[in-house]
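Trainee: Could you take me through one part of this structure up close? I'd like to hear about the ligand site, and then whatever else you think deserves a look.

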Amino acid sequence: MKEDRRFTPSAEFSKRARVRSHAEYRTMHQLSLDEPETFWREHTTDLVFRTPWKTFLEWSLPKARFFGGATLNLTETCLDRHLATEARTRAAIVFEGEPGDVRTLTYFELHREVVRLTAALADLGVVAGDRVAIYMGMVPEAAVAMLACARLGATHSVVFGGFSSDALRDRINDSGAKVLLTQDGAWRRGNVVPLKKMADDAVAQAPSIEKVVVLRRLGAGHTPVQMKEGKDIWWDDLLSRTASEASAKLARTPPAFDAEHPLFILYTSGSTGKPKGVLHTTAGYLAGVHITSKFVFDLREGDLYWCTADVGWVTGHSYLVYGPLSCGATVMMYEGAPNFPDWGRFWNIIEKHGVTILYTAPTAIRAFIRAGDDWPAKSDLSSLRLLGSVGEPINPEAWTWYHRVIGGGRCPIVDTWWQTETGAIMLTTLPGACYSKPGATGLPSFGVDIAVVKDDGSECSANEGGKLVVKRPWPSMARTLYKDDARYAESYWSQLPGVYFTGDGARRDEDGYFWVTGRIDDVLNVAGHRIGTAEIESALVSHPAVAEAAAVGKPDDLKGQALVVFVTLKAGQTADKLLKEKLTEHIDREIGKFARPDSIRFTDALPKTRSGKIMRRLLKEIASGAAETKGDTSTLEDLGVLAKLRADEE
Ligand code: PRX
């Protein structure tokens, strides 16, 4: 289906928006490319620098340094500066727990909590440059933890609470974190996710961890946790100790760091087995998330902005914590599942708190569609004024439903394309300035020089599919992969000379709108979760019954992509249901439940080239149920393998 409908923002929305017309957007974007110094000078005035920046960019591929000469403490932009304004008593975070408990932290209170934790961490011996791991659920303290690390200059590494203890252990060991912040457990669909228990298993094999700080989320009467003498400390006990004078002073008047001081490491999946420790630094990241939060979400006083992403992913970092807080926005934070106790939960939250901006993922939207229009119809959604989408391509049907049923036909939708590595939104429409086309992510963000190119690096013509690349560095880009400069250069800056390769395929239409089609490398996007095929494969072959494994994606109406794995077994193993269950549990343990295969298919052999490479393309076709193999099979070693695989189809 060719989708060429255009949805123009209402005159009323545009009139009040920060950028009001396409022409205004174009002028600003052009300026950001032609005269970046001028552009960013104007748009970094809200950021608190202790020493102003002198040079915008120093670039020697693949090393970039932005805002040279600047020093800052990022938390002064997100917290301290608001205390001198009316934002002091404004809610920074409105929290709703899955059981229904509600808590609000004003900017004053959030600042106070961050200062207290900063001092406490300093007293535990954490100093600037140390790494701190955070393995928590969606509670305000997760944001407090991140901000306290930033205030201290410690590099945080948030590990999504859905990861298993093995995955947590590997991430801690890679970063060498000194302290782990976690909680007794988190609520999820009425059950408890035993975070502390999993943290214990990880820490048992993570020698760098000196202290584990444990937040009481569940309280008395729930799964008791083991507190290890000398190592584990309750969060509230830690905070109730009187901080040393030096730490208290440091926390109150924190040091300023260089613009390129490391802010956080966030592990994500790549096309080889080991997760990538994407490293972001301070000033450029802050500038990127600030400007996009301000212009893309058009944040203004009175908004209650809700980003439903987990803090464990980059969307949670940039658009739940750093971006909106840098703007002084009020952020809604919800702990639990969208369908607990029923599919009306999100809509109930919107009505109850008066959410004005909702930012969520297509996979959630498709699940809501399936659950039926009766659920949103039960709630008054008239407080909403803007909707956002992120994480995967949104199909026009889901877009239209979101627009009509949730947005009541009046809310613009911003479809934002970006990545863990880009730090901030790269492609979007500005809600008051540009029309939207369902399924298109829109136009480049400020400072973003992006293109669709062919394999030889030349630009594709309008509507021609190619590789999505960024042609010059931008402030919020990742600076490296933690302790692996070579892999950073190789993964992003070497595939096509001189440009950043995103791993995505795309086309740009005659109006300049980008349509991102999805990953063209060995990375899958399953229900908005980024999963490396190699990660799944190495987890599977680490099981004693498995000889070889190949993971591929197949189109799925709900999840976007479903994960299908083909497995060959070692001699003497029986391919049966029980083994499938065991392999599923093995993935749960090695990675986490969210990475469970949707289908496991046993096979005698995998299709390989004569040089022994698994032909994933063919497996993908088979997984998708293609009756015929389309592509070239001339390099296939044994055509019989294909016929057999088809015959075995489930
Ligand atoms: O394939 C693109 C897809 O998600 C990938 C990045 O995943 P991650 O680093 O986990 O960050 C997700 C949240 C920013 C991209 O390479 N993706 C993200 N947003 C979109 C998208 N694909 C299409 N449209 C989007 N809006």
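Mentor: Here's a walk through the ligand site, followed by the ring pairs and some loop residues.

Bear in mind that this is a predicted model. Okay, the ligand. There are 18 residues around it, and the ones that come nearest are Asp415, Thr416, Thr420, Asp504 and Arg530. If you sort the shell by residue type, you get six nonpolar, seven polar and five charged residues.

Now the polar atoms. Threonine 416 offers a polar backbone atom at 2.7 Å from a nitrogen of the ligand. Glycine 391 also uses its backbone: a polar atom there is 3.1 Å from a ligand nitrogen. With glutamine 419 it's the side chain, where an N or O atom sits 2.9 Å from an oxygen of the ligand. How much of the ligand's accessible area does the protein cover? On its own the ligand has 540 Å², and the protein covers 95% of that. As for which elements build the shell, those giving two or more residues are α12 (314–326), β20 (413–416) and β27 (514–519).

Next, the rings. The count comes to 38 aromatic pairs. Take tyrosine 334 and phenylalanine 346 as a worked case: their ring centres are 6.2 Å apart and the planes stand at 90 degrees, and since anything over 60 degrees counts as edge-to-face, that's what this pair is. Tyrosine 334 belongs to strand β17 (residues 330–334) and phenylalanine 346 to helix α13 (residues 345–353), so the pair ties together parts 12 residues apart in sequence. Both tyrosine 334 and phenylalanine 346 are buried.

The loop between that strand and that helix, β17 and α13, is where you'll find proline 341. The peptide bond joining phenylalanine 340 to proline 341 is cis, with omega at about 0 degrees. There's another cis bond between leucine 61 and proline 62, again with omega about 0 degrees. Proline 62 sits in the loop between β1 and β2 (63–68).

Back to rings for a moment. Ring pairs also link a cluster made of Tyr25, Phe39, Trp40, Trp53, Phe56, Phe66, Phe67, Phe295 and Phe446. Tryptophan 53 from that cluster has a polar side to it as well: its side chain makes a polar contact of 3.2 Å with the side chain of threonine 44. Threonine 44 is placed in the loop between α3 (36–43) and β1 (55–60). Is threonine 44 buried or exposed? Its relative accessible area is 4%, so it falls under the 20% cut-off and counts as buried.

Some rings also have a charge over them. The charged end of arginine 171 sits over the ring of phenylalanine 163, at 4.2 Å from the ring centre. Arginine 507 does this with tryptophan 515, lying over its face at 4.7 Å from the ring centre.

Now for backbone angles. Aspartate 298 isn't a glycine, yet it has a positive phi of about 50 degrees. Its place is in the loop between α11 (283–296) and β16 (304–307), and with a relative accessible area of 2% aspartate 298 is buried. Asparagine 463 is another non-glycine with a positive phi, at about 70 degrees. You'll find asparagine 463 in the loop between β23 and β24 (466–470). Why is asparagine 463 called partly exposed? Its relative accessible area is 34%, and partly exposed covers values between 20% and 50%, so that's the label it gets.

Last, two loop residues to check against their spatial partners. Aspartate 449 is in the loop between β22 (443–444) and β23 (450–453), and its relative accessibility of 16% makes it buried. Aspartate 449 and aspartate 34 are 415 residues apart in sequence, but their C-alpha atoms are 11 Å apart in space. Leucine 496 is in the loop between α17 (485–493) and β26 (500–508). At a relative accessible area of 3%, leucine 496 is buried. From leucine 496 to valine 469 you go 27 residues in sequence, with 8.6 Å from C-alpha to C-alpha.

How values were computed: Residues are numbered from 1 along each chain as its sequence is written. This is a predicted model: local features need pLDDT of at least 70, side-chain atom pairs count only at pLDDT 80 or more; totals for chains, interfaces and linings use all residues. Side-chain values use heavy atoms; hydrogens and water are left out. A residue is near a molecule or strand if one of its heavy atoms lies within 4 Å of it. A polar contact is a pair of N or O atoms within 3.5 Å; within protein, one must be able to donate a hydrogen and the other to accept it, and residues adjacent in sequence count only if both atoms are side-chain atoms. Accessible areas come from the Shrake-Rupley method with a 1.4 Å probe; for residues, only the protein chains shown count as cover. Helices (H or I, at least four residues) and strands (E, at least two) are DSSP runs, numbered from the N terminus. Ala, Val, Leu, Ile, Met, Phe, Trp, Tyr, Cys and Pro count as nonpolar, Asp, Glu, Lys and Arg as charged, and the others, Gly among them, as polar. Rings of Phe, Tyr and Trp (its six-membered ring) pair if their centres lie within 6.5 Å; planes under 30 degrees apart count as stacked, over 60 as edge-to-face and the rest as tilted. Buried means under 20% relative accessible area, exposed over 50%, partly exposed in between (1.4 Å probe, protein chains only). A charge sits over a ring if NZ of Lys or CZ of Arg is within 6 Å of the ring centre and within 35 degrees of the ring normal.
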